[in-house]
Amino acid sequence: MPMSRRALLATAAATALPVRPARAEKPTLKIGVLTDLSGPYKDLAGPGAVDAARMAVEESGLAAKGINIEVLSANHQNKADVGASVAREWYDRDGVDIILEVANSGVALAVAGVTKEKNKVYINSGAATSDLTGAQCNANTIHWVYDTYMLAHSTGAAMVKTGGDSWFLIVADYAFGHALQRDSTDFVQKAGGTVLGAVRYPFPSTTDFSSFLVQGQASGAKVLGLASAGTDVINLIKQAHEFGIKMRIAGLLIFLTDVHSLGLEVSQGLTLTESFYWDLNADTRRFADKFARRQPGRRPTMVHAGVYSSGLHYLKTVGDMGLAQARADGAATVARMKATPTSDDCFGPGSIRADGRKLCPAYLFEVKKPSESKGPWDYYKLLATTPADEAFRPLSASACPLVKA
Amino acid sequence: MLGFTRAQAIGFVAMVAVIIIGPAVLYPVFLMKVLCFALFACAFNLLIGYVGLLSFGHAAYFGMGCYVTAWTAKNLGLSAELAILLGGLTGAGLGAVFGWLAIRRSGIYFAMITLALAQMVYFVCIQAPFTGGEDGIQQVPRPPLFGAISLQSDMAMYWLVAGVFLLGFLLIHRIVHSPFGQVLKAIRENEPRATSLGYRTDDYKWVAFVLSCFLSGIAGGTKALVFGIATLTDVHWTMHGEVVLMALVGGLGTVFGPVAGALILNGMENYLAQFGSWVTVTQGVIFVLCVVAFRRGVIGELAAALRLKL
């Protein structure tokens, strides 16, 4: 049947009209997970972190109260400007209320600045820099899982107590490595140990660490400390294994996924600090099982646990405050979160300090021998625990303006 | 005026119209980023497109512009235009020294020398205390323009960025279509012949190099103020790779090509951010497509199809 052009247009318009989505009646809360979905932190954060946030949303019970919660995710590509512009656009255009995760210190600090400007909420789980709750802290930011101070403190001091009292450090020659070297030297000496020497290697692009490893062995120290991160640490551990270095190796920033990719044969005996391990107790195993249902064949890292735990605490606070109030003022929401004690399967009971530092115990682990491991992901045995109130930089030494005021 | 052909004049008016209407449709901060990169890509195109010099180290001038603008705005409290100008002068200063060394060689040797010098800048930025290492310079305030006009709102900043971009764009166009630009093109086509005609080609190349670095520094400085950060990303060679890609996708040696390339590449980076690792894959595919299917770039192919000079 031939149809006139006018009729055709009218039909098209009539069908097009109802297609426009009806405005959501329910009040909506938006959570943005900004993470590395393609680079070096993909395994330890990445898609698992997005799933961890979704788990927190499901368990918060806010949906039953008639609050609609959306989880958005984006890849910051480890570029501070990409991270900052995604954060801005989320806050300005998409109505995002909170940003979670953000591995990579440079991006993390940039997002903290944007969040303060827009008066929203930002809880970091993946970045290492202790500046987030130090000189660059603000009233809208909370730092959840770990930081450089805590890693150096736990690995340095606890290691000495378990007999590793003489150290040699291999240091990445840039600000992050220097900070770890300074802090860990300090803690080793305070705990009664000695640092026999240190060597700095050019960063980035050093791939052959043989001469540094041999210097370490020649020093006669019991512990070889690696003040570095990422692929450099992986290479150092592999090469130390190939050289048959007989020292105890202490990694200052190593994640469960790094050990998983290295394999137990290479990484056995390695000592490291984390604030969460999936096989720590019945609660953490319950979380790990739920996580494995979403990410088959995988176990959560401390970053995944941090996203889950921080998301849950935020949503609980939103439930207490009421959605409208929580959305209106990010700083007030954060203040309320600091006033409320935290509690969840991953980190147990805890609290958040005035400078935005979440307190949790730091665990010193040793990587098991292949013969001790019962199966995949059974990697760590616990050596020592630093209690929550001692693990982090004390407020008296903080450079955070929120504390001084 | 300014040596525009009729088609270029229409293109320019259309571009200005898009810049004016743009913020009503797209997110202004995103557009500011596009404009900064468009200026950077135009500056790069000035060298590769019109002098035929393939520099491999433009991220150094862009990044140092970022750092100097951010540092002076944050620590000395300079006004916006002075901070950006200092960023540009830093780029020009570095370019003057590096260019003086590099233009003594041509082709792949020129590219390698610029890359090596740019890597040196990168390592200095990792180590130097003023750059803040891998944390970068953070929370840079947006200082008022001329010490009086506040740039706190995104729209005020947008008009400044648009102004800087248009000035830079017109400057490049003027350079290319001046007698000086004619000599540059002669050098690109046949350098020994230009020499035989009595032109001191090294001096011409050096001046073009410094101008390109100056505009790269301006672009970097403007970007630092838009986002309030300056980080290692800006000096890393991958930043240079992106600008090469922008110029290539848009069309080398065209006036509007780099602008289109900047829009395409930044749009991908921004709007594909939620698809995770697909960003880099898509960028790679587009690069391959560009090299295989349309070597003249988007604008270059369009110009060829319409038989126009764009």
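**Entry 1: the small sheet in chain A**

I started with Ser343(A), which stands opposite Pro349(A) in β12(A). A note on what I am reading: this is a predicted model, where local features need pLDDT of at least 70, side-chain atom pairs count only at pLDDT 80 or more, and totals for chains, interfaces and linings use all residues. Residues are numbered from 1 along each chain as its sequence is written, while chains are lettered from A and ligands numbered from 1 in the order in which they are written.

Helices (H or I, at least four residues) and strands (E, at least two) are DSSP runs, numbered from the N terminus. Two strands pair if DSSP finds at least two bridges between them. I found three bridges joining β11(A) to β12 (residues 348–352) of chain A, and the two run antiparallel. The open sheet here has three strands in the order β11-β12-β13 (chain A), with antiparallel pairing. β11 (342–344) and β13 (358–359) of chain A each have a single partner strand, so one side of each is left without a neighbour in the sheet.

**Entry 2: the five-stranded sheet**

Next I looked up the open sheet β2-β1-β3-β4-β5 of chain A, whose pairing is parallel. Its edge strands are β2 (68–75) and β5 (141–143) of chain A, each paired on one side only. Neighbouring strands in this sheet are turned by 20° against each other on average, direction ignored. Strand β1 (residues 28–35) of chain A is joined to β2(A) by eight bridges, and they run parallel. I picked out Gly32(A), and its bridge partner in β2(A) is Leu72(A).

Helix α4 (residues 105–118) of chain A lies across β1, β3 (98–101), β4 (121–124) and β5 of chain A, running at about 160° to β4(A). Axes are lines fitted to C-alpha atoms, for helices over the stretch in contact, and angles run from 0 to 180 degrees between N-to-C directions.

**Entry 3: two helix pairs**

In chain A, I checked helix α2 (residues 46–60) against helix α12 (residues 302–321): they pack at about 30°, with axes 8 Å apart. α2(A) and α12(A) are therefore roughly parallel; angles under 35 degrees count as roughly parallel, over 145 as roughly antiparallel, 65 to 115 as roughly perpendicular and the rest as oblique. The contact of α2(A) with α12(A) has 11 nonpolar, five polar and two charged residues. My key: Ala, Val, Leu, Ile, Met, Phe, Trp, Tyr, Cys and Pro are nonpolar, Asp, Glu, Lys and Arg charged, and the others, Gly among them, polar.

In chain B, helix α3 (residues 58–76) and helix α10 (residues 237–250) pack at about 110°, axes 8 Å apart. That makes α3(B) roughly perpendicular to α10(B). His58(B), Ala59(B), Phe62(B) and Gly63(B) of α3(B) make the contact with Trp237(B), Met239(B), His240(B) and Val243(B) of α10(B).

**Entry 4: where the chains touch**

I see 25 residues of chain B in contact with 30 residues of chain A; contact asks for C-beta atoms, placed from the backbone, within 7 Å. The largest share of chain B's side, three residues, comes from α2(B). That side divides into eight nonpolar, 13 polar and four charged residues.

**Entry 5: confidence**

Chain A averages a pLDDT (the predictor's confidence in each residue, from 0 to 100) of 88, and 93% of the residues score at least 70. Over residues 11–24 of chain A the pLDDT is below 50, and beyond near neighbours in sequence this stretch has one contact in the model. Where pLDDT is low, the predicted coordinates should not be read in detail.

Terms used: Two residues are in contact if their C-beta atoms, placed from the backbone, lie within 7 Å.
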